[in-house]
Amino acid sequence: MGRVVLVTGVAGTFASRVSRTLAELGENPVDGTAIDRVVGLDTRPPDGDLGGVKFVRADIRTPVVGKVMAVEDVDTVVHLDVNPPDRSRAGSGAKERNVIGTMQLLAACQRSATVTKLVLGSSTAVYGTSPKDPALFTESSAAQGGVRSGFPKDSVEVENYVRGFSRRRPEVIITILRLAQVLHPDIDTPLRNYFQNPALPTALGFDPRLQFTHLDDALDVFSEAVLRDRPGTFNVAGDGVVTLSQATRRLGKPVIPLPPVGFAAAARRAIRVMGGDLPPDLNRLLTYGRAVDTSALREIFGFELKHTSEEVFEEFRASQRPGILAALGGRR
Amino acid sequence: MNDDRRTIGSGGKAGRGNRSTSPSSAARSLAGGAQRPKKPVTKVKKAATSTTTKPAAKKTTKAPPKPAKKAAPAAKKAPAQERPRLRAVTDEDAAAAAAAAAEEAARKTRTAGSASLPAGIPLDEIVVALVQGVQRVLGSDWESRLATFFAVLRKRLSGDFAVDEFGFDPQIAEILVSAVEPLAEKWFRLEVRGVENIPSEGGALLVANHSGTVPIDGLITGYAVKKYSGRDLRPLGADLVFALPFVGQVARKVGATLACTADAERLLTGGELAGVWPEGFKGIGKPFAERYKLQRFGRGGFVSSAMRAQVPIVPVSIVGAEEIYPLVGNVPSLARLLGLPYLPITPFFPLLGPLGMIPLPSKWIIEFGEPIRTDAYEPEAADDPMLLFNVTDQVRETIQQTLYALLVDRGNAFF
């Protein structure tokens with residue numbers, strides 16, 4: 001008897017990769033734990049191939065999700081439908097999807113007799129970002145600022161609802177994975193979109209420390225969380241930091257230094273001119289930066305990250321066309 | 001004489017000689033040229049320039065025909081006694097021409113091959129001066145050092161350098177140390193005592209008094225630690241530091257991080273040398289009248305951090321920072337508006353504008369005191385507030401007493 005996994009938000013680039021990885025794992029069981037079926041849920045069909053994943057088109061903001069869980073006998077829920085606002089997804093706002101969707105999903109889980117495990121794909125955005133931040137956040141640190149709006153606020157609220165659920169259903173194993181943004185050319189994250197611009201707006205006088213997660217590490221850690229029982233909250237991010245100045249120089253892209261006051265609006269305008277978009281909460285990250293401590297993942301979860309943040313960035317850089325200043329540093 | 005002058009000249013053209021008392025310069029040179037005897041000129045030419053150069057040759061060939069046309073009548077009339085005067089002139093002339101020719105020849109030999117180079121830009125001399133200057137600044141192995149410098153610059157520009165998770169960039173820290181050196185040594189005449197009290201390895205918490213309106217004492221302490229013990233001081237700064245543009249960026253790069261228990265313990269357990277100024281803004285923003293009177297030492301958080309990490313506390317007493325910007329006034333309302341803890345008025349600051357921002361050249365003494373051991377206590381003792389208060393007071397008292405002793409030693413603040 002293997003597991004039946006429900007993955008939400010599979011139309012997203014990262015969630016679709018996670019669901020496919022889980023479906024492929026089902027064919028070769030690890031440690032006797034097999035995955036029978038992976039059910040993918042979203043309001044729109046995914047762009048790519050989902051492989052062995054059974055796609056169900058449903059909205060998690062409606063009670064339909066409970067029915068899907070009952071019909072499919074779902075015992076593990078991987079909730080990945082908490083995403084920063086995205087222009088390509090028209091319709092209601094990100095908050096509606098993130099928060100109301102989570103509430104409906106948790107309500108369905110609470111009613112379900114079969115659900116024994118919930119894995120939440122959260123983000124390090126729950127720590128916010130402010131000048132009062134410690135150098136590295138541990139899982140127990142509280143946000144010092146920068147969680148009053150946008151995606152960071154959504155993440156905090158989603159985690160609060162999940163904690164409420166864990167109080168009501170203590171027998172359900174709950175794993176909250178707080179990931180630093182995955183940096184990979186195929187995965188749609190705000191930082192990837194930012195780095196793909198030909199010129200990069202930065203806040204004048206600030207050089208934030210950034211962390212990235214390697215896609216393979218992220219996929220592995222989700223597989224581990226599904227296959228093994230690892231209750232708790234864990235930070236996931238490549239070791240070390242890459243400062244924004246390092247990143248821009250390595251990419252060989254010119255920076256557009258903008259005054260820190262009004263940086264959000266100015267940066268957004270600059271990026272729109274270049275044909276991209278800047279998620280509204282990214283400007284704080286690009287001002288103060290954020291880094292997290294992953295010792296809990298190593299010691300309690302028992303997972304060794306294979307790639308440092310620098311390696312993740314180098315791999316990403318190699319996949320990109322060099323910027324116009326790349327000749328300056330002689331990197332190819 | 002008068003006859004001569006009337007006959008030779010420019011013929012009354014405007015701006016030239018007046019034909020009666022003073023001839024034009026052209027006329028005078030013509031007169032000289034007419035009387036120039038060929039023998040001495042050629043003799044000098046041959047003697048001076050064995051390598052017959054072109055301009056010199058031109059002079060000798062062109063000079064004779066000119067006077068032949070215009071000054072011929074003058075020469076005919078000229079009496080015999082005129083000769084010595086004219087000869088004297090020609091001798092001088094010849095000497096000057098010889099000197100010019102010699103110089104020309106010398107220049108030609110120097111810039112062999114580049115004969116078309118216009119005179120006036122001594123490119124070779126500039127190059128020689130540059131090379132000598134570089135040698136003087138960088139020493140004899142300047143070539144390899146310059147190559148290293150460019151290699152480093154290239155790496156920096158390509159982003160190929162390492163920072164730790166706090167954002168500490170050792171290369172930038174090194175640059176800052178060399179930039180601060182003249183300020184510390186020449187301007188503040190820094191004297192450092194008790195360097196042996198800085199542990200050569202392992203974690204330690206340096207606790208210092210804070211003063212001077214602008215936290216330059218942190219910078220100088222970091223410099224002193226780096227210079228005399230070779231270790232990097234990792235200062236713990238207020239959150240305002242990291243909220244300010246440029247300041248926060250540089251602070252992180254030179255190794256500073258936020259003064260909070262999490263960061264302090266992380267640094268200390270990692271075996272780093274952390275520096276803390278527990279007085280904070282109360283210390284640097286106190287009026288000049290209260291100089292060298294220690295303020296409250298925070299809430300003693302630094303002691304609990306050191307105890308948990310089981311590292312010694314090194315009391316650091318800094319004398320001299322109080323006088324760099326004597327704080328005589330404050331504008332609390334404007335400071336609140338700008339979100340600053342205080343807005344200083346010094347005897348020179350708003351008055352002289354940017355000139356008032358130059359720190360006064362006080363004499364500095366930094367003394368690293370004997371380390372206070374915390375490993376005698378259990379790490380759990382960090383949860384005993386009474387013990388923390390006692391240790392905090394002990395550190396504070398040590399620094400205060402050392403300050404008094406150093407002040408007596410120093411004598412006058414400026415001389």
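1. A residue counts as buried when 20 or more other C-beta atoms lie within 10 Å of its own, as exposed when there are 12 or fewer, and as partly exposed in between. That gives us a good way into this predicted model. Take B:Gln310: 18 other C-beta atoms lie within 10 Å, so this residue is partly exposed. B:Gln310 sits in the loop that links helix H16 (301–309) to strand E6 (313–319) of chain B. Its phi is positive, near 60°, and the residue is not a glycine. For context, most residues other than glycine have a negative phi.

2. B:Arg189 makes a natural companion. Its phi, near 45°, is also a positive value in a residue other than glycine. You will find B:Arg189 in the loop between H10 and strand E1 (191–193) of chain B. Is B:Arg189 buried or partly exposed? With 14 other C-beta atoms within 10 Å, B:Arg189 is partly exposed.

3. Step back from B:Arg189 into the helix that it follows, H10(B). Helix H10 of chain B covers residues 170–187, which is 18 residues, and at 1.5 Å a residue the expected span is 26 Å; the end C-alpha atoms are 25 Å apart, so the two values agree. Do look at B:Val180, though, where H10(B) has a kink of about 35°. The proline B:Pro182 comes shortly after that kink.

4. Now for chain B as a whole. Its secondary structure amounts to 19 helices and 9 strands. The chain has 415 residues, and 33% of them count as buried. Among contacts in chain B with a separation of 6 or more, 73% are between residues 24 or more positions apart.

5. A word on annotation: an unreviewed UniProt entry lists residues 204–321 of chain B under "domain: Phospholipid/glycerol acyltransferase". In the model, this span is 41% helix and 19% strand, and its end C-alpha atoms lie 23 Å apart.

6. Helix H14 of chain B deserves a close look. Its buried residues are B:Asp263, B:Ala264, B:Glu265, B:Arg266, B:Leu267 and B:Leu268, a list that takes in charged side chains as well as nonpolar ones. What do the buried residues of H14(B) pack against? Their partners in chain B are strand E2 (204–208), strand E3 (233–237), E4, strand E5 (273–276) and H16. Just after H14(B) comes B:Gly271, with a positive phi of about 80°.

7. The two chains meet through 21 residues of chain B and 25 residues of chain A. On the chain B side, the elements that supply two or more residues are helix H9 (142–157), helix H12 (239–243), helix H13 (247–253), strand E4 (257–258) and helix H14 (261–269). By type, that side of chain B divides into 10 nonpolar, 6 polar and 5 charged residues.

8. On to the nonpolar core. Which members of the largest one touch the most other members? They are A:Val7 and B:Leu205, in a core of 157 residues. Helix H6 (residues 215–227) of chain A gives this core its largest share, 7 residues. Beyond four places in sequence, A:Val7 touches A:Ala15, A:Val18, A:Ser19, A:Leu22, A:Val38, A:Gly40, A:Leu41, A:Val78 and A:Leu80.

9. One of those partners, A:Val18, belongs to helix H1 (residues 13–27) of chain A. A:Val18 has 28 C-beta neighbours inside 10 Å and therefore counts as buried. Setting aside neighbours within four places in sequence, its contacts are A:Val7, A:Val78, A:Leu80, A:Leu219 and A:Phe222. A:Ser223 lies 205 residues away from A:Val18 along the chain, yet their C-alpha atoms are separated by 8.0 Å.

10. A:Gly128 is worth a visit too, in the loop between strand E5 (117–123) and helix H4 (150–168) of chain A. Although in a loop, A:Gly128 is buried, because 25 other C-beta atoms lie within 10 Å. Outside four places in sequence, A:Gly128 touches A:Ala143, A:Gln144, A:Gly145, A:Gly146, A:Val147 and A:Pro152. From A:Gly128 to A:Ser155 is 27 residues in sequence and 9.7 Å from C-alpha to C-alpha.

11. Last stop: A:Leu258, in strand E11 (residues 255–258) of chain A. A:Leu258 has 20 C-beta neighbours inside 10 Å, so this residue counts as buried. Its contacts beyond four places in sequence are A:Pro201, A:Ala203, A:Leu204, A:Phe263, A:Ala266 and A:Ala267.

Technical notes
Residues are numbered from 1 along each chain as its sequence is written. Chains are lettered from A and ligands numbered from 1 in the order in which they are written. This is a predicted model: local features need pLDDT of at least 70, side-chain atom pairs count only at pLDDT 80 or more; totals for chains, interfaces and linings use all residues. A nonpolar core is a set of buried Ala, Val, Leu, Ile, Met, Phe, Trp, Tyr and Cys residues joined through C-beta atoms within 7 Å. Helices (H or I, at least four residues) and strands (E, at least two) are DSSP runs, numbered from the N terminus. Two residues are in contact if their C-beta atoms, placed from the backbone, lie within 7 Å. UniProt positions are given in the numbering used here, feature names are shortened, and annotations may be inferred rather than shown by experiment. The expected span of a helix is 1.5 Å times one less than its number of residues. The bend at a residue is the angle between axes fitted to the seven residues ending there and the seven starting there.
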